[in-house]
Amino acid sequence: MAITLKSATEIEKMRIAGRLAADVLRMIEPYVEPGVSTERLDEICHDYIVNVQQAIPAPLNYRGFPKSICTSVNHQVCHGIPSNKILKNGDVINIDITVIKNEYHGDTSRMFMVGKPTVQGVRLSQVAYDCMKIGIEMIKPGITLGDIGYAIQSYAEKNHCSIVREYCGHGIGKVFHEDPQVLHYGKPGTREVLQPGMVFTIEPMVNLGKRQVKLLPDEWTVVTKDHSLSAQWEHTNLVTDDGFEVLTEHPDWPL
Ligand code: MF3
Ligand code: CO
Ligand code: CO
């Protein structure tokens, strides 16, 4: 499938969808506290997206996913299903929000520390954030996705962390997951050349231990095989004529 280049009109719609997704993360932050269940967080986000934003939570019923957001706690890598699991002091959680507004998607996720942060949790979350930021700041016409993947992988490994290879970033627009696949590892000069108008996510999953993962019997939740902590941050990004624009940036949380 070919990579779609977005028109000015489409980009304007994606700015709106991106901002709404960022707003959901900003809204939910104060609720991420010891004692709350992940399904309560799902319920609050669902109601906000549907009733306040008048938008659609993209995960709900996507390929059978049963909830409106993904909540991945501690050794869960991604696609955690909100449940009656109660968050406790020292947990780390990724909340991944995708909204559809006027047919276009905005996709963003970030880490939250529950209660008093642990040293390991803070360190891993910071490495994962830096991986995402390093990748985003490279975006400009003419470089390749392999250049980005290589830089992300090198940074993670230099910091004695590993990059998950089974899941990647993706093109996004009217379609939730479209071409290109954005690998968070790779070799310079390989894969697609960036062009103005491309929109794709960068969403590295970084493990404190080994990179291997397994899928739980619920067929969604991905966990680290060695049960080491995992962290992920995600933004939706536009390639501009001379660089990039982060479509899911929130003014309270500049890149
Ligand atoms: N938001 C995830 C991503 O970054 C995808 C979630 S798919 C779901 O691509 F079905 F698990 F919601
Ligand atoms: Co994504
Ligand atoms: Co996402």
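## Strands 6, 10 and 13

M205 sits across from Q232 of strand 13, in a model that is predicted, with local features needing pLDDT of at least 70, side-chain atom pairs counted only at pLDDT 80 or more, and totals for chains, interfaces and linings using all residues. Residue numbers start from 1 along each chain as its sequence is written, chains are lettered from A and ligands numbered from 1 in the order in which they are written, and side-chain values rest on heavy atoms, with hydrogens and water left out.

Strand 10 (residues 205–207) runs antiparallel to strand 13, and 3 bridges hold the pair together. Strands here are DSSP runs of E with at least two residues, helices are runs of H or I with at least four, and both are numbered from the N terminus. Two strands count as paired if DSSP finds at least two bridges between them. On that basis, 3 strands make an open antiparallel sheet in the order 6-10-13. Strand 6 (162–163) and strand 13 (230–232) are the edges; each has a single partner strand, so one side of each has no neighbour in the sheet.

## Strands 3, 12 and 11

Another open sheet of 3 strands goes 3-12-11, again with antiparallel pairing. Its edge strands are strand 3 (76–78) and strand 11 (213–215), each pairing on one side only. From one strand to the next, the twist averages 40°.

Strand 11 pairs with strand 12 (residues 222–224) over 3 bridges, in the antiparallel sense. If you want a spot to look at, L215 has V222 of strand 12 as its bridge partner.

## The hairpin and the largest pocket

Strand 7 and strand 8 are linked by a hairpin of 6 residues. They run antiparallel, joined by 3 bridges, and H170 faces Q181 in strand 8.

Both strands turn up again in the pocket lining: strand 4 (92–101), strand 7 (169–171) and strand 8 (178–182) each supply at least two residues to the largest pocket. Strand 8 gives the most, with 4 residues. A pocket is an open set of points on a 1 Å grid over the protein atoms alone, where a 1.4 Å probe fits and protein lies on both sides within 12 Å along at least five of seven lines; lining residues have an atom within 4 Å of a point.

The volume of the largest pocket is about 600 Å³, taken as the space filled by probe spheres set on the grid points, which are joined across faces, edges and corners. The lining has 29 residues, and Y62, H79, C168, H170 and H177 are the closest to the pocket centre. By class, this lining has 13 nonpolar, 7 polar and 9 charged residues; Ala, Val, Leu, Ile, Met, Phe, Trp, Tyr, Cys and Pro count as nonpolar, Asp, Glu, Lys and Arg as charged, and the others, Gly among them, as polar.

## The second largest pocket

Next comes a pocket of about 180 Å³, the second largest. Its lining has 16 residues, with R110, Y129, W233, H235 and W253 nearest the centre. Helix 1 (8–28), strand 5 (104–113) and helix 3 (119–138) each give two or more residues to this lining, and strand 5 has the largest share, 3 residues. The class split is 8 nonpolar, 5 polar and 3 charged.

Terms used
Axes fitted to C-alpha atoms, helices over the stretch in contact; angles between N-to-C directions.
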